[in-house]
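Below is a short report on one protein chain and its ligand. Keep the model in view while reading.

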Amino acid sequence: MSQVWINETGFTLAELEKHLWNLLFRATIQKKEAFNKPTLGTLSAEGPSLRTLVLREVDTGKKILIAHTDRRSPKVREIQAEPRISWHFYDERRGFQLRLSGKAFLLAEGPLWEAQWAKTNPGSRKVYASLIAPGQPSEHPASGLPSGWDEGRLSEEESEQGKPNFMLIRSEISALDWLFLDARGHRRAVFRYQDGQLAQSQWCIP
Ligand SMILES: Cc1cc2nc3c(=O)[nH]c(=O)nc-3n(C[C@H](O)[C@H](O)[C@H](O)COP(=O)(O)O)c2cc1C
């Protein structure tokens, strides 16, 4: 049987695919995992646009990634204009690169949005309370938060002020490209999905 060997463990294509989605899921819980902070690629009017985001939730059954952002940020307008996106993950310790592509949907209401807001802590809610939209010019280095908010923790009530700016980026994945760097020879596999279901698996030359 055709297997890839990773740290003395052999994986078939099917086992590898499951393993990769499990690693993505694990990265939403273990913040120190390299896959916790991937790069999201969108298309802007000037060309490709990249930025780091925190991977907040993974639905391994439906092949969906969830990230949080500010609805006023440029990436939201880019996704509205062109929902096709790609994600890049690199785990130096494992020697894994993942490139995922798919379609992004923006959510600013509903049960999933409410549940994700409820999971955020006052520290991470702070950014959504900035009075000026992300990316706007400023005459001096500033966070845009109300005066006196930079230091210290927000009360529960204060942290709610950012909620109207809170938005989910829900990515439905249609392809996953895995590259494994190994001294004995690199390995690569590509998986394709249709409506959240695995439709094609293929080893590739790196
Ligand atoms: C480690 C790290 C984590 C980040 N996490 C997020 C995040 O989860 N959501 C987000 O909108 N921006 C996050 N950012 C900021 C983005 O990379 C980006 O600068 C910001 O969202 C503005 O992007 P835009 O101008 O393309 O909309 C993070 C940046 C770093 C360095």
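A polar contact is a pair of N or O atoms within 3.5 Å; within protein, one atom must be able to donate a hydrogen and the other to accept it, and residues adjacent in sequence count only if both atoms are side-chain atoms. This is a predicted model: local features need pLDDT of at least 70, side-chain atom pairs count only at pLDDT 80 or more, and totals for chains, interfaces and linings use all residues. Residues are numbered from 1 along each chain as its sequence is written, and side-chain values use heavy atoms, with hydrogens and water left out.

## The ligand site

Three ligand atoms pair with polar backbone atoms of the protein, as tabulated here.

| Ligand atom | Backbone partner | Distance |
|---|---|---|
| oxygen | Thr52 | 2.7 Å |
| nitrogen | His68 | 2.8 Å |
| oxygen | Pro74 | 3.4 Å |

Taken alone, the ligand exposes 620 Å², and the protein buries 59% of that. Such accessible areas come from the Shrake-Rupley method with a 1.4 Å probe; for residues, only the protein chains shown count as cover.

The shell around the ligand consists of Lys37, Arg51, Thr52, Leu53, Val54, Arg56, His68, Thr69, Ser73, Pro74 and Lys75. A residue belongs there if one of its heavy atoms lies within 4 Å of the ligand. By type, the shell has three nonpolar, four polar and four charged residues. Here Ala, Val, Leu, Ile, Met, Phe, Trp, Tyr, Cys and Pro count as nonpolar, Asp, Glu, Lys and Arg as charged, and the others, Gly among them, as polar.

Which elements each supply at least two residues of the shell? They are strand S4 (47-52), strand S6 (64-70) and helix H2 (74-81). Helices (H or I, at least four residues) and strands (E, at least two) are DSSP runs, numbered from the N terminus.

## Arg51 and helix H2

Arg51 sits in strand S4. Is Arg51 buried or exposed? Arg51 is buried, because its relative accessible area is 17%; buried means under 20%, exposed over 50%, and partly exposed in between (1.4 Å probe, protein chains only). Its side chain makes a polar contact of 3.0 Å with the side chain of Thr42. Another, also of 3.0 Å, joins the side chains of Arg51 and Ser49. Neighbours within four places in sequence aside, Arg51 is in contact (heavy atoms within 4.5 Å) with Pro38, Thr39, Leu40, Gly41, Thr42, Lys75 and Glu78.

Lys75 and Glu78 are also among the buried residues of H2, along with Val76 and Ile79. Seen down the axis of H2, the buried residues fall within an arc of 160 degrees, so they line one face of the helix. The arc is that of the directions from the helix axis to the C-beta atoms. Gln80 and Ala81 are exposed on the face turned away from the buried side. The buried residues of H2 pack against strand S3 (39-44), S4, S6, strand S7 (84-91), S8 and S9.

## Helix H3 and Trp117

Helix H3 spans residues 111-119, with Trp113, Gln116 and Trp117 buried. Down the axis of H3, these buried residues fall within an arc of 100 degrees, so they line one face of the helix. Pro111, Ala118 and Lys119 are exposed on the other side. The cover over the buried residues includes strand S5 (57-59), S6, strand S8 (96-107), helix H4 (122-125), helix H5 (156-159) and strand S9 (166-180).

Trp117 counts as buried because its relative accessible area is 2%. Residues up to four places away in sequence aside, Trp117 touches Arg125, Tyr128, Ser159, Glu160, Gly162, Lys163 and Phe166. Trp117 and Met167 are 50 residues apart along the chain, yet their C-alpha atoms are separated by 8.9 Å.

Pro164 lies in the loop between H5 and S9. At 52% relative accessibility, Pro164 counts as exposed. Pro164 and Gly148 are 16 residues apart in sequence and 21 Å apart in space, C-alpha to C-alpha.

## The chain overall

The secondary structure comes to five helices and 11 strands. The C-alpha atoms fill a box of roughly 65 × 35 × 35 Å along the principal axes. Of the 206 residues in the chain, 45% are buried. The chain exposes about 11800 Å², with carbon and sulfur atoms supplying 51% of it. Among contacts between residues at least 6 apart in sequence, 62% join residues at least 24 apart.
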